[in-house]
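Ready for a bit of practice in reading a fold? Take a look at the model below, then work through the exercises at your own pace.

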Amino acid sequence: MHNDTAIPLALECKQVTMKVRKKEILQEVTFSLEKGRIAGLLGPNGAGKSTLLSICSGLTEPTSGSVRIFGQPAGTETLRSIAVLPDRGKLPGWLTAGEWLHFAGQIYPDWDSDRESQLVQSLRIDLGTRISAQSRGEEARLQLVSCLARTSPLILLDEPFTGVDMISREQIASSVVADLADGNRTFLIATHDIREMEQLFDRIIMIGNGRIAADHDVDSLREQGNSVESRYREVFS
């Protein structure tokens, strides 16, 4: 268990339930995430991860329950505190990568152009390439720049590796690590691809069939002789 009083909470979900028509997608999901942590939201496809991230971002309202971001109810007031990488979001294909980043820098008041330059270099973004001509991996890396170039204290990444080749996965994972060096930002990363991210996580929250199936501090898990991947297999096999 975590001592939730010692470190400010970046994210707090209480009894979050989501029903669409008669289908229950999330059922009484409760967890909290301390500032500065990098947590994996792990589970198979269809477990409810994307829905939960959308609710955490304030873009979707749950059927019942509550979400607080740095102590404030999630909604329009908390959007400035959050940078979101949506699952399979599409960027405007008629722009070049450079034009899109210039545009993004004007949209977001918390855009950091120095960080943008570092990320463009580390993720090998070709600024002259039209987005419609990019591979899935190139566009995924560009979307990550759009997310991480902001100084928002809470970062939500939804399946950052969908359709991405192994080299791009390694570049994305290492950029997240580099970005975390200051310890001021909090990450919640939804994925079912564990191997590239396992070394990044200090907390894992496993979700299956819309419920929290397990919640572990990764160091404690390793002290017990488990890896994130082995625990994932235990929970979901």
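Here are three short exercises on this predicted model, each with a worked solution.

**Exercise 1.** Work out the strand order of the open sheet and find its edge strands.

*Solution.* Start by lining up the strands: there are 6 of them, in the order 6-7-8-3-9-10, and the pairing is mixed. Next, look for strands that pair on one side only; these are strand 6 (82-85) and strand 10 (211-217). Then check the twist: on average, neighbouring strands are turned by 15 degrees against each other, direction ignored. Finally, zoom in on strand 3 (residues 38-42) and strand 9 (residues 203-208), which run parallel and are joined by 4 bridges. Leu42, for instance, has Met206 in strand 9 as its bridge partner.

**Exercise 2.** Find out which strands helix 4 and helix 7 touch or lie across.

*Solution.* Take helix 4 to begin with: it packs on the sheet and touches strand 6, strand 7 (154-158) and strand 8 (186-191). Its direction makes about 175 degrees with that of strand 6. Now move to helix 7 (residues 228-236), which lies across strand 3, strand 9 and strand 10. Helix 7 runs at about 20 degrees to strand 9.

**Exercise 3.** Describe the largest nonpolar core and list what Leu157 touches.

*Solution.* Count the core: it has 44 residues, and Leu157 and Phe187 have the most contacts inside it. Helix 4 (residues 136-148) gives the largest share, 6 residues. Leaving out residues up to four places away in sequence, the partners of Leu157 include Leu53, Leu85, Leu144, Val176 and Phe187.

Technical notes
Residues numbered from 1 in each chain as written. Predicted model: local features only at pLDDT ≥ 70, side-chain atom pairs only at ≥ 80, totals over all residues. Heavy atoms only, no water. Core = buried A, V, L, I, M, F, W, Y, C linked by side-chain atoms within 4.5 Å. Buried < 20%, exposed > 50% of the residue type's maximum accessible area, 1.4 Å probe, protein only. Helix = DSSP H or I, 4+ residues; strand = E, 2+ residues; numbered from the N terminus. Contact = heavy atoms within 4.5 Å. Pairing = 2+ DSSP bridges. Axes fitted to C-alpha atoms, helices over the stretch in contact; angles between N-to-C directions.
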